[in-house]
Amino acid sequence: MTPDLPQRGEIRWALVPHAAEAPFAFAGVEDPLDFAAASAMLRTRGARNRQDIVLPAVIRPVLILHGWESASHGAYVALRTRRLEALSPATREAVLADAAGGLVLLDGASAGHERAAMIAGISGLHGSAIDHAVVGRASAKTMRRVSERIADRLELDLGQMISDRVEAVLSGLDPA
Amino acid sequence: MDTTHCTADQVRIPRVAEGEAVIVTRHGKEVAAIIAIEDFRLLESLKAAIAAVSRPPRYQPSAAEIEAWETDDDEFPTEEEWETIGKRL
């Protein structure tokens with residue numbers, strides 16, 4: 001494993017799409033593209049589902065959710081983070097008390113600030129958009145909390161998986 | 001668990017106390033277990049508990065989460081941070 005490849009729990013600066021509203025732009029087209037406009041344009045230009053469409057982006061520290069063994073895959077899933085100092089005192093307090101739902105406090109200093117992971121801020125990032133330097137690292141305990149909150153936030157139905165795993169563990173236990 | 005009820009005079013079963021089980025074999029293979037009703041209830045409760053904790057609750061974003069989304073953070077690296085990040089290997 002190459003040491004500088006992003007790993008689960010690391011906090012690194014990354015180039016992240018920033019799409020607050022109607023974000024897409026295309027050369028020669030004045031208005032921002034929405035899906036209808038883009039699909040109409042693609043249809044007009046022939047059956048080619050690939051165009052160079054520009055999207056605003058910012059650099060931000062992100063929390064890496066997983067690392068890949070192979071650099072050739074190149075795609076990582078990460079969460080946006082938010083500095084606590086950029087939040088209101090009430091929200092800061094809620095984050096510190098672990099009562100802020102989709103904002104999970106990242107333990108330890110991360111990128112020089114107290115920081116929370118934004119559970120709904122999931123981004124798919126190409127490896128080249130992620131900086132080499134690790135500026136923070138979330139503990140295993142925090143990553144477990146992040147995993148729980150992602151399951152809640154995305155309303156993942158894990159019932160069958162948990163049931164199957166419990167049964168597998170129980171069936172491996174010696175009844176004696 | 002789907003259950004079928006019948007009376008004790010309809011089937012012949014051995015007596016089992018709570019915490020005990022009688023394993024029934026057919027052609028040398030274990031096919032069923034007879035357990036006390038208390039243990040059966042416990043088993044059902046465990047299955048219901050697993051199902052309950054596994055079911056995703058309807059998600060309601062907290063006020064804190066909404067605030068974090070709606071306020072834009074213009075975070076930008078400091079001069080000191082630029083010393084660490086953005087270096088080509």
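Start by selecting chain A in this predicted model. Of its 176 residues, 36% count as buried. Switch to a cartoon view and you'll find four helices and eight strands in chain A. Trace the chain along its sequence and the order reads β-β-β-α-β-β-α-β-β-β-α-α.

How do the contacts in chain A spread along the sequence? Take the contacts between residues at least 6 apart: 71% of them join residues at least 24 apart.

**Color chain A by domain**

Give one color to residues 10-18 together with 58-171, which make up domain 1 of chain A, and another to residues 20-55, which make up domain 2. The C-alpha centres of these two domains of chain A lie 31 Å apart.

**Zoom in on two salt bridges in chain A**

Select A:Glu10 and A:Arg137 and show their side chains. They form a salt bridge, with the closest N and O atoms 3.3 Å apart. Now look at where each partner sits: A:Glu10 is in strand β1 (residues 10-17) and A:Arg137 is in strand β8 (residues 136-137), so this pair ties together parts of chain A that are 127 residues apart in sequence. Is each partner buried or exposed? A:Glu10 is buried, at a relative accessible area of 4%, while A:Arg137 is exposed, at 54%.

Next, select A:Arg145 and A:Glu148. Their side chains meet in a salt bridge too, at 3.5 Å from N to O. Both residues lie in helix α3 of chain A, three residues apart, which is about one turn of the helix. A:Glu148 counts as partly exposed because its relative accessible area is 46%, and A:Arg145 is partly exposed as well, at 29%.

**Hop over to chain B**

Color chain B by domain as well: residues 1-56 are domain 1 and residues 57-89 are domain 2. Taken over C-alpha atoms, 53 Å separate the centres of these two domains of chain B.

While you're here, select B:His27. Look for it in the loop between β1 (21-26) and β2 (29-35) of chain B. Its phi is near 50°, a positive value in a residue other than glycine. Is B:His27 buried or exposed? B:His27 counts as exposed because its relative accessibility is 82%.

**Show both chains together**

Now bring up the place where the chains touch. Here 27 residues of chain B are in contact with 38 residues of chain A. The size of an interface is often given as the accessible area lost when the parts come together. For chain B and chain A, the buried area is about 2,700 Å², and carbon and sulfur atoms give 55% of it. Which three residues should you highlight on the chain B side? Pick B:Tyr59, B:Asp73 and B:Glu75: they supply 24% of the area that chain B buries against chain A, more than any other three residues.

Time to count polar links. Between chain B and chain A there are four salt bridges, and twelve residue pairs are in polar contact, with both residues at pLDDT 80 or more. Highlight α1 (37-54), α2 (63-70) and α3 (79-82) of chain B, the elements that give two or more residues to the side touching chain A. Of these, α2 of chain B gives the most, with five residues. Try coloring that side of chain B by residue class: you should get twelve nonpolar, five polar and ten charged residues.

**Last stop: a bridge across the chains**

Select A:Glu155 and B:Arg58. They form a salt bridge, and their closest N and O atoms are 2.9 Å apart. B:Arg58 lies in the loop between α1 and α2 of chain B and A:Glu155 in the loop between α3 and α4 of chain A, so the pair joins two chains. B:Arg58 is exposed, with a relative accessible area of 70%, whereas A:Glu155 is partly exposed, at 27%.

Before you leave, add A:Arg83, A:Glu85, A:Arg115 and B:Glu75 to the view: salt bridges that share partners join these residues into one network. Over all chains, the structure holds ten salt bridges.

Keep A:Glu155 on screen for one more detail. Its phi is near 50°, a positive value in a residue other than glycine. To place A:Glu155 on the chain, look at the loop from α3 (140-153) to α4 (159-172) of chain A.

How values were computed: Residues are numbered from 1 along each chain as its sequence is written. Chains are lettered from A and ligands numbered from 1 in the order in which they are written. Side-chain values use heavy atoms; hydrogens and water are left out. Contact means heavy atoms within 4.5 Å. Buried area is the accessible area (1.4 Å probe) that two parts lose on being put together, summed over both. A polar contact is a pair of N or O atoms within 3.5 Å; within protein, one must be able to donate a hydrogen and the other to accept it, and residues adjacent in sequence count only if both atoms are side-chain atoms. Ala, Val, Leu, Ile, Met, Phe, Trp, Tyr, Cys and Pro count as nonpolar, Asp, Glu, Lys and Arg as charged, and the others, Gly among them, as polar. Domain bounds come from an automatic or database domain assignment. Buried means under 20% relative accessible area, exposed over 50%, partly exposed in between (1.4 Å probe, protein chains only).
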